[in-house]
Structure formats: structure tokens, C-alpha cells
Amino acid sequence: MAEWLVRHFVKNYDNVEDIQVRTQYGVLSSIVGIFCNLLLFAVKLTVGALIRSISVMADAFNNLSDAASSIISFVGVKMAEKPADEDHPFGHGRIEYISAFIVAFLVIQVGFSLFKSSIGKIREPEQMVFHLVSVGILLLSVLVKLWLGLFNRKLGKRIQSSVMLATSADSMGDVLTTCSTIVSLLVFGIFGWNVDGWIGLLVSVAVMLAGFNIAKDTLAPLIGEAIDPEVYQKITEFVESYDGILGSHDLLVHNYGPSRSMASIHAEVANDVPIEQSHEIIDRIEHDAIRVLGIFLVIHMDPVEQHDERVKELRELTEHVIAQLDSRLTLHDFRMVPGKERINLVFDLVVPRDYEAETKECLRNKIIEEVRKVKENCYCVITMENSYCSGEVKGH
């Protein structure tokens, strides 16, 4: 069913990196959500009025409020589609994250409301009435909400949409809530035990945790998160695939919404190649990055000595020393600065984030000491820095 809807209502549905295609996915998800929730509202309200069941009618209005999540998603997706303007040169893509955060707040609010009502039912158990019709309506609601949750999750993962994944979690929270009501009714109908409050309490905690997790995942790109190793690998391999590029480092990626990123990177070039020639290569990579990767890439050139055997020897010595101390350490921007009395080996050292200030200072002194044991007149001038990647990258 999900694939049928996508094929019939999303043009170029395979091109999920395109902003217009992503918007179509979001609009489809929102309209389906609004339709399903309004359908459930109408059915439950009608049946609840006919059988005079307050619980079924109350659940109907809960579905009406759930339609608000889909409306928020719709508005968020449409606003995120707006192109860049004078005040927002990188577009409005982050509005999608804000919309997802609002939906996460609604999920938490639903869980908290259920928590309060469950506590009340434990203290003062309410009289329950068992109706097979009520159970049937609730089962219908579970099936529709389960399908809706899976639908949003499938589409959300396909286009990496935080707001659609948040809406999916909202639907799954409703499934848990309704299932708890069904279990309570069945236990009461079969055994005469009123466990409504206790089951509701467990479900409310699960729903609130889901809401907090959505909020946490949504806030991460807004606050600024580390680079995904796959993205790091993709960009660095793309840059280093060009002739004339010897290596790269210091990659930064700034997220301005799904499929909207700006990045900067340092690319190493031979220092004996004319600067105009290296600049032409850099320009070509920056233009190709927009076309191939969909990323606005800014590249800084770092000249690297390739032929001085003395520099190569000292670099190999330094790399050997740091590898013995910690295999996770890497260096770049290595250069030799000869002086009258000593030779300065200047380089940047990338250290793990778990290194504290004291550990860094001990490491600095140890590297200086170990290098001077081999080359007494060499002194290391080290700039410590951290990687902006969230994990280990192959080959780096």
C-alpha cells in the first residue's frame, strides 16, 4: 500500500536527495495522517454516541488531536521547502527539525497526560464496563495506527526526515496506549480485575521515553552534531580522487536541513606545483561537489613537501613516535623550519576527544622527548585538535 501511494503521488520518487521530491513525500505523509485520524475520529465518535460510551468518544477526540501532528508536519515540510533568501542564505530546511521537535513535545504531553490519569485510576479505580463493540473499535484503531506508524517510518527513513520519524513514533505511542486499553478491558471482562491504571502507567512511561528520544535526535542537528563516518568517508574520498590532491583533513560539515549541507576541508597539494594549477583543481572539485554530492564545499589548500628527503625522514620518525604512543593519533600540516641552533618540526596532531587537558600536555611532552632521543636538535611544535567525525573512518 505504501509503495502504491508513493508511486502514484510522488513524481521521481527514487530521487530522494531532491528537495522537491522530499517535499512531495512529506505532503503525502501528512495528508495520509490527517485522513486516517479524521476517519478514526468520525467512526469512534459515531459508535461512541450510539453505544453511549464515554471512553470511546474520548478516544475519538484523541484522534482528532493526533491529526494536529500531521498538520504540523505538513506546515513544517512546506515551510522547509522555501528557497534561500536575503535573511536565510542557506534556505529554511531546519524548520523541519523544529516541526519534529514540536511533534516530540506532543508525544511527551500525551504520555504525561496518560501518566497522570493512570495515577488517578490507581488511587481511585473507576468502574469499568465491558463492551465487545468497544474492543472491536479499539482493535480497528490499533490496526490503522500501526499501519500509519509503519508507513511514516518507512518514508521517513527513505528520505531521512526527522519530522516523519517523529510522527511515526507518535502513532506507535497511540498503538501502545490503545493496546493497554484493550488489555485492561479483556482482563476485566475475563477475570473481573481492574488493572487499567497499572497498565496505563507502564505505557505512559514508554510513550514519554519515546518522546524524549525524538526530541534528543531532533535537537542534535540544531545544536550541531559530529559528522557521520559514512559522510566523512564519502566527502574525503571524493576530494582525494582528483589528480593533484595528495590528501585531506580538517573536514567540517554544517547541516542546514535534510539535503542542505555546507562543508569545508583542507586539501593537500604539492608545494612545487604552480599555485594557479592547484587553484584550478580546487575550483573544479568545488563545482563538482555541488553537482555530484549536493554539498556547497569550500576547500583550503595546504602545500606539502614531496621531494625533500630530510623532511620525509623527519615526518616518518614523528609518525612512528606517535603511533607507538596511541594508534588513534594522526598528524597533518607537517613542515620543517630550520634554525641556527635547532630544527622546529611544526604539525597539527588530531587526538581523541576523551583526552583531557592534562593528558594532552603529557602527550605533547612525551612526543618532544621521544623525537629528541633520536634527533637531538629537533623540537616539535604541536597544535592539538580533535576530529569532527562521530566515529572511526577507514583509512584515516
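In this predicted model, the second largest cavity has a volume of about 40 Å³. Its lining is formed by N37, D66, S69, S70, K145, T167, D170, S171 and D174. By class, this lining holds no nonpolar residues, five polar ones and four charged ones. Two helices, α3 and α6 (162-191), each supply at least two of the lining residues. Helix α6 provides the largest share of the lining of the second largest cavity, with four residues.

This cavity is one of two in the structure with a volume of 30 Å³ or more. The largest cavity encloses about 80 Å³ of space. Twelve positions are listed along its wall: I19, R22, T23, G26, V77, A80, E81, E96, I159, S161, P258 and R260. Helices α2 (19-51) and α3 (54-80) are the elements that give two or more residues to this lining. The greatest contribution comes from α2, which gives four residues. Five residues of the lining of the largest cavity are nonpolar, three are polar and four are charged. Helix α3 thus appears in the linings of both cavities, with two or more residues in the largest and at least two in the second largest.

Helix packing was examined next. Two packed helices are described by the angle between their axes and the distance between the axes. Helix α1 (residues 2-9) packs on helix α5 (residues 132-159) at an angle of about 55 degrees. The axes of α1 and α5 lie 10 Å apart. Because of this angle, α1 is oblique to α5. The crossing of α1 past α5 is right-handed. On the α1 side, the contact is made by A2, E3, L5 and V6. On the α5 side, W147, F151, K154, L155 and R158 take part. The contact of α1 with α5 comprises six nonpolar residues, no polar residues and three charged residues.

A second helix pair is formed by α10 (residues 309-325) and α11 (residues 357-374). The angle between α10 and α11 is about 130 degrees, and their axes are 10 Å apart. Helix α10 is therefore oblique to α11. The two helices, α10 and α11, cross in a right-handed manner. From α10, the residues L317, T318, V321, I322 and L325 enter the contact. They meet L363, K366, I367, E370, V371 and V374 of α11. Eight nonpolar residues, one polar residue and two charged residues make up the contact of α10 with α11.

A single strand position was also considered. N386 belongs to strand β6 (residues 378-386). Residues N386 and L329 are 57 residues apart along the chain. Their C-alpha atoms are separated by 9.9 Å. With residues up to four places away in sequence left out, N386 touches V350, V351, P352, R353 and K360. One of these contacts, K360, falls within helix α11 (residues 357-374).

Notes:
Residues are numbered from 1 along each chain as its sequence is written. This is a predicted model: local features need pLDDT of at least 70, side-chain atom pairs count only at pLDDT 80 or more; totals for chains, interfaces and linings use all residues. Side-chain values use heavy atoms; hydrogens and water are left out. On a 1 Å grid over the protein atoms alone, a cavity is a set of points where a 1.4 Å probe fits but cannot get out, and a pocket is an open set with protein on both sides within 12 Å along at least five of seven lines; lining residues have an atom within 4 Å of a point. Grid points are joined across faces, edges and corners, and a volume is the space filled by probe spheres set on the points. Ala, Val, Leu, Ile, Met, Phe, Trp, Tyr, Cys and Pro count as nonpolar, Asp, Glu, Lys and Arg as charged, and the others, Gly among them, as polar. Axes are lines fitted to C-alpha atoms, for helices over the stretch in contact, and angles run from 0 to 180 degrees between N-to-C directions. Angles under 35 degrees count as roughly parallel, over 145 as roughly antiparallel, 65 to 115 as roughly perpendicular and the rest as oblique. A crossing is left-handed if the near helix is turned anticlockwise from the far one by less than a right angle, and right-handed if clockwise. Contact means heavy atoms within 4.5 Å.
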